[in-house]
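Q: Hi! I've got a protein open on my screen and would love to talk it through with someone. Can we look at it together?

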Amino acid sequence: MLKGAMNLLKPLISARWICKRECLERALAEPVVMEDGVVYLTGIPEYAVRLGKAGLPCIFADVGQGAKVSGVDLILCMEEDQQEPDEELLAKVWQRHYHLPWLIAETERLYIRESVLEDLPFFLQMYEEEKGNPDVVPLAEDAAKELESYIRYRYPFYGYGIWSLADKKTGVVLGRAGFQEYGDQTELAYLIGKAYRRQGYAKEAAGAILEFGKRELLLERVCFRTSPGNRASIRLGESLGLIRAG
């Protein structure tokens, strides 16, 4: 299992409220570490800023103050009678703070997750095999820098992107798939390593990704492009119920 993909299965994360100055000082004097599985919550702007500056996982619970708070992991608009965020949100904030990948979807055979730097050797091999393929945009010359930037900025800002497809039993990465921009549209894109083709992985991953897009991203329309001679991709699009536009 990849070191960067350790915490895929919704870890149990607890919220620790910071409502008093002595609690704040204790948190700063004895800061939590990743293994503690803790995210701080506070509704006091000053406390949130100090926790953020200390590099601690922190959610600022805004209950209508409209305060300008920076440096925290999340600003959450909450109702006055709301106790705390749900477990899934806490887990996502904790994972993002410690640069751990989010699990996007799970199928019978695959984990669809955010990419990690440890995936790069497979990507290099996969894209090398696709040289000259008009349907595949090659990696940048500095592929490591490109992937690092993609992980650091793309996923947190957009909440989606091109993800890694990993075998559930072995953890081996066998492809990539997800959403990207094409003009003013959202495009479904995929690439499966040559050794793993004709085994139904593309359809399995694409179906789960389209469902995620509809449920979580509220996408009403997705485009899917391929060259006229790519019969495998054309058949995939048809099997997914996509309508040929030209």
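Q: Which residues form one aromatic cluster here?
A: Good place to start, and keep in mind that this is a predicted model. The cluster is made up of Phe157, Tyr158, Tyr160, Trp163, Phe179 and Phe212.

Q: Does any charge sit over those rings, and if so, which charged end sits over the ring of Tyr158?
A: That would be Arg154, whose charged end lies 4.0 Å from the centre of the Tyr158 ring.

Q: And what sits over the ring of Trp102?
A: The charged end of Lys92 does, 4.9 Å from the ring's centre.

Q: How many aromatic pairs does a search of the whole structure find?
A: It turns up nine. One of them is Phe122 with Phe123: the ring centres are 6.4 Å apart and the planes meet at 65°, so this pair is edge-to-face.

Q: Are Phe122 and Phe123 buried or exposed?
A: Both are buried.

Q: Why is the pair of Tyr150 and Tyr155 edge-to-face?
A: Because their planes stand at 85°, and planes over 60 degrees apart count as edge-to-face. The centres of these two rings are 5.4 Å apart. Tyr155 is buried, at 1% relative accessibility, whereas Tyr150 is partly exposed at 22%.

Q: New topic: how many disulfides does the structure hold?
A: Zero.

Q: Why no bond for Cys23?
A: The closest cysteine sulfur to that of Cys23 belongs to Cys19, and at 7.1 Å it is too far for a bond. A disulfide here needs the two sulfurs within 2.5 Å. Cys23 itself is partly exposed, with 22% relative accessibility.

Q: What about Cys77, how far is the closest cysteine sulfur?
A: It is 15 Å away, in Cys58, which is also too far for a bond. Cys77 is exposed, with a relative accessible area of 66%.

Q: Let's switch to helix H3. Which of its residues are buried?
A: H3 covers residues 87-97, and the buried ones are Leu90, Ala91, Val93, Trp94, Gln95 and His97.

Q: What do they pack against?
A: Four strands: S1 (14-17), S2 (38-42), S3 (58-62) and S4 (74-77).

Q: What caps the N-terminal end of H3?
A: Asp86 does, with a side-chain oxygen 3.3 Å from the backbone nitrogen of Glu88.

Q: And which residue takes a positive phi just after H3?
A: Look at His99, where phi is about 60°.

Note on methods
Residues are numbered from 1 along each chain as its sequence is written. This is a predicted model: local features need pLDDT of at least 70, side-chain atom pairs count only at pLDDT 80 or more; totals for chains, interfaces and linings use all residues. Side-chain values use heavy atoms; hydrogens and water are left out. Buried means under 20% relative accessible area, exposed over 50%, partly exposed in between (1.4 Å probe, protein chains only). Helices (H or I, at least four residues) and strands (E, at least two) are DSSP runs, numbered from the N terminus. Contact means heavy atoms within 4.5 Å. A polar contact is a pair of N or O atoms within 3.5 Å; within protein, one must be able to donate a hydrogen and the other to accept it, and residues adjacent in sequence count only if both atoms are side-chain atoms. Rings of Phe, Tyr and Trp (its six-membered ring) pair if their centres lie within 6.5 Å; planes under 30 degrees apart count as stacked, over 60 as edge-to-face and the rest as tilted. A charge sits over a ring if NZ of Lys or CZ of Arg is within 6 Å of the ring centre and within 35 degrees of the ring normal.
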